[in-house]
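Please examine the sequence and the model shown below. The paragraphs that follow lead from the overall architecture to individual contacts.

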Amino acid sequence: MSIDLALALSSAKPAGKRPYFMDPPLERVLNILMTTVQELAVTRERLDTLERLLEAKEVVERAGIEAFAPTPDQAAERGLWMQEYLNRVLRTVQQEAEAIQTRDELASEEVAFEVSRLDA
């Protein structure tokens, strides 16, 4: 998968206008926080599993994990992952910025209102 495709997919936007149930700025921060919490919870669980399996099979001790230093290629791969991650976390902000640039997108409520005005 190309870098450009991976970055594009990590912040893909669903169709239609985003519904808000609270004050939009508050909801934006909450969405960012909950995305981060979800990502961290999954990562923490998987990391714990790997560390326990590796230690049980005497492949590596946890001290070895703490002392690890990535190669330049590994660091580049981590950097790409970080960009994809930030795209997912900040997806709401990015999509709102895109919506400001393309004001022609209507919410379903706005379409219904416009159609009802035509009937009158």
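**Architecture and local contacts**

Of the 120 residues of the protein, 12% count as buried. The coordinates come from a predicted model. Its secondary structure comprises 6 helices and 0 strands, and the order along the sequence reads α-α-α-α-α-α. Among contacts between residues at least 6 apart in sequence, 70% link residues at least 24 apart.

Helix 2 is a convenient place to begin. This element contains 33 residues, and the distance from its first C-alpha to its last is 48 Å, close to the 48 Å expected at 1.5 Å a residue. After helix 2 comes E58, which has a positive phi, near 55°.

Which residues of helix 2 are buried? They are E27, I32, D48 and E51. In terms of the cut-off, each of these has a relative accessible area under 20%. The elements that cover the buried residues of helix 2 include helix 3 (62-67), helix 4 and helix 5.

The packing of helix 2 against helix 5 can be described further. The axes of helix 2 (residues 24-56) and helix 5 (residues 91-101) come within 8 Å and cross at roughly 140°. An angle over 145 degrees would count as roughly antiparallel; helix 2 and helix 5 are therefore oblique to each other. On the side of helix 2 the contact is made by R28, N31 and I32, and on the side of helix 5 by T92, V93 and E96. Sorted by class, this contact has 2 nonpolar, 2 polar and 2 charged residues. I32 thus appears twice in the description, as a buried residue of helix 2 and as a participant in the contact with helix 5.

Helix 4 offers a contact within a single element. The count of aromatic pairs comes to 1. W81 and Y85 form this pair, which is stacked, with 4.9 Å centre to centre and 10° between the planes. The angle lies under the 30 degrees that define stacking. Both residues lie in helix 4 (residues 72-89), 4 residues apart, about one turn of the helix. Why can such a spacing bring side chains to one face? An α-helix has 3.6 residues a turn, so residues three or four places apart point the same way.

Are W81 and Y85 buried or exposed? W81 is partly exposed because its relative accessible area is 38%, whereas Y85 is buried because its relative accessible area is 14%.

Note on methods
Residues numbered from 1 in each chain as written. Predicted model: local features only at pLDDT ≥ 70, side-chain atom pairs only at ≥ 80, totals over all residues. Heavy atoms only, no water. Axes fitted to C-alpha atoms, helices over the stretch in contact; angles between N-to-C directions. Helix = DSSP H or I, 4+ residues; strand = E, 2+ residues; numbered from the N terminus. Parallel < 35°, antiparallel > 145°, perpendicular 65-115°, else oblique. Contact = heavy atoms within 4.5 Å. Nonpolar A, V, L, I, M, F, W, Y, C, P; charged D, E, K, R; others polar. Phe/Tyr/Trp six-rings, centres within 6.5 Å; stacked < 30°, edge-to-face > 60°. Buried < 20%, exposed > 50% of the residue type's maximum accessible area, 1.4 Å probe, protein only. Expected span 1.5 Å × (residues − 1).
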